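Q: Could you take a close look at the sheet in chain B and what packs on it? I'd like one connected walk-through.

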2 protein chains.
Amino acid sequence: MIDNGSVDVGAEPALAASFGALERWDGRRGPGNLNVWTCMDRAIALAREHGIGCVALANTTRWMRGGAYCWQAADAGVASLCWTNTLANTPPWGATEPRIGNNPLVVAVPRAAGHVVLDMAMSQFSVGALIAHWHRREPLPVPGGFDAAGEAATDARTILDSKRLLPIGYWKGSGLALMLDLLAAGLSGGRATYQIDLDPDREVGLSQVLIAFAHVDVVADAVLAHFGSPAHAARYPGERVQAARERSLRDGVEVDENVWQEVQAL
Amino acid sequence: MIDNGSVDVGAEPALAASFGALERWDGRRGPGNLNVWTCMDRAIALAREHGIGCVALANTTRWMRGGAYCWQAADAGVASLCWTNTLANTPPWGATEPRIGNNPLVVAVPRAAGHVVLDMAMSQFSVGALIAHWHRREPLPVPGGFDAAGEAATDARTILDSKRLLPIGYWKGSGLALMLDLLAAGLSGGRATYQIDLDPDREVGLSQVLIAFAHVDVVADAVLAHFGSPAHAARYPGERVQAARERSLRDGVEVDENVWQEVQAL
């Protein structure tokens with residue numbers, strides 16, 4: 001995306017408008033992960049000043065792992081709620097063509113024993129999760145979309161080809177994806193999903209919202225103690241990532257064999 | 001709930017703490033709909049002053065129709081994002097006992113031709129929707145939970161009895177419900193789901209978050225023009241409510257026959 005001119009590797013985000021605790025920033029099509037890192041730092045500073053802080057970022061590029069920025073906020077002792085729009089990769093419920101983004105939503109609260117971090121796309125499986133299942137030749141555990149004939153599918157490749165991803169909760173995830181797009185474009189003054197190039201290698205001009213909360217009582221330990229049933233422990237959001245992170249720091253980072261071969265070929 | 005002392009019908013909400021654009025209010029167990037109406041007005045005023053405004057409301061009672069308050073904000077030209085926690089009525093994904101609330105989330109953006117308003121529980125069907133299906137003796141259009149033996153169920157009464165509602169998107173809605181609870185209790189300084197009485201007639205001490213955004217470009221008309229497919233028009237959130245509201249204003253309000261008989265018996 002740097003090579004094809006979509007990402008301007010040297011660009012830095014700039015303040016576009018300030019309304020007090022809410023600011024608009026222009027990502028200037030710089031690297032998405034660096035843009036959102038800078039803007040989350042700014043949202044944290046606004047939250048420390050005003051109790052709540054919000055940066056709406058227009059004209060940016062892919063943020064990669066959204067969970068990282070709410071983790072960043074949690075490390076600063078701040079709770080957060082963030083989302084991004086994406087290219088149109090999911091049909092609204094009741095339709096057959098991809099017209100909404102799967103617009104990942106990330107929410108996190110800080111916790112000494114490990115932050116609670118939820119990072120989820122509005123499709124039942126993110127595009128990354130579909131590609132990972134396809135690479136591993138694993139069926140999806142529940143239907144993740146439809147084949148070209150409209151039948152429910154658990155084969156990731158079939159769904160990637162049909163472009164008919166299933167929104168979480170059918171009409172509900174479809175509606176929430178639409179609302180996140182309306183807010184992201186409306187708050188940032190940037191593009192909505194329908195204005196974003198359908199070529200994934202040119203998926204730029206994204207709109208993102210970063211909200212930080214500086215005054216949050218730490219209730220997570222008590223809440224998590226009541227989560228799940230005695231006989232059926234449920235994992236909390238971020239638990240598996242935390243464990244994987246500790247394993248990676250100890251044993252090294254596990255890399256998918258196909259990805260590793262691609263990296264070595266560069 | 002007034003008769004059993006759960007709701008203090010004369011209580012009014014009071015400011016508990018101010019951090020600038022973020023305030024904590026104490027609902028003092030007053031009528032939930034009046035509490036949130038007052039607090040949404042305050043969030044709108046904070047948003048007009050700071051760009052974004054947030055009221056976290058502790059110790060309140062049921063808000064009834066959550067969509068009403070985001071509609072209230074939209075009528076004031078302000079976008080909004082609100083949620084409430086509830087008693088534990090849904091098992092986390094992977095567990096069998098109800099330990100999370102289905103924590104309704106409401107999002108709205110104003111629009112001259114009809115506000116776009118999403119009002120959704122984190123369970124595939126809200127408890128109200130399950131009761132309505134049961135009253136109408138209608139099967140659910142998709143599985144909404146499990147029977148006592150753990151089999152997927154489309155009979156609303158079966159799910160109300162088993163208390164095994166399905167979260168939207170399985171693990172995803174389960175995780176989001178948990179995060180909304182952590183933020184609601186943490187921001188308001190009030191109760192989390194595990195601290196709320198399991199008797200629906202004593203479901204009080206709820207925590208709610210109301211966020212208002214005063215600077216939102218109106219992009220909804222353009223976005224909705226690209227929603228759905230040419231051959232398969234999808235409804236946008238709030239479209240059916242808007243139509244029903246116009247019908248009610250014209251022809252009178254349609255009331256469920258069972259509810260009407262209960263009202264007449266009072």
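A: Quick bit of vocabulary before we start: two residues count as in contact if their C-beta atoms, placed from the backbone, lie within 7 Å. This is a predicted model, by the way.

On to the sheet itself. Chain B has 7 strands in an open sheet, ordered E1-E2-E3-E9-E4-E5-E6, with mixed pairing. At the edges of the sheet you'll find E1 (14-18) and E6 (116-120) of chain B; each has a single partner strand, so one side of each is left without a neighbour in the sheet. From one strand to the next, the twist averages 15°.

Now zoom in on one pair. E4 (residues 79-84) and E5 (residues 105-109) of chain B run antiparallel to each other, paired over 4 bridges. Within it, Cys82(B) sits opposite Val106(B) of E5(B).

Chain A joins in here: its helix H5 (residues 171-188) packs on the sheet and touches E4, E5, E6 and E9 (206-213) of chain B. The direction of H5 makes about 135° with that of E6(B). Chain B brings a helix of its own, H2 (residues 67-75), which lies across E4, E5, E6 and E9 of chain B and runs at about 20° to E5(B).

How do the two chains relate? Rotating chain A by 180°, with 0.0 Å of shift along the axis, superposes it on chain B at an RMSD of 0.0 Å. The two copies are thus related as by a two-fold rotation axis. Gly169(A) has the C-alpha nearest that axis in chain A, at 2.5 Å. Both copies use the same surface, with 98% of the contact residues of chain A recurring in chain B.

Key. Residues numbered from 1 in each chain as written. Chains lettered and ligands numbered in written order. Predicted model: local features only at pLDDT ≥ 70, side-chain atom pairs only at ≥ 80, totals over all residues. Pairing = 2+ DSSP bridges. Helix = DSSP H or I, 4+ residues; strand = E, 2+ residues; numbered from the N terminus. Axes fitted to C-alpha atoms, helices over the stretch in contact; angles between N-to-C directions. Least-squares fit on C-alpha atoms with pLDDT ≥ 70 in both.
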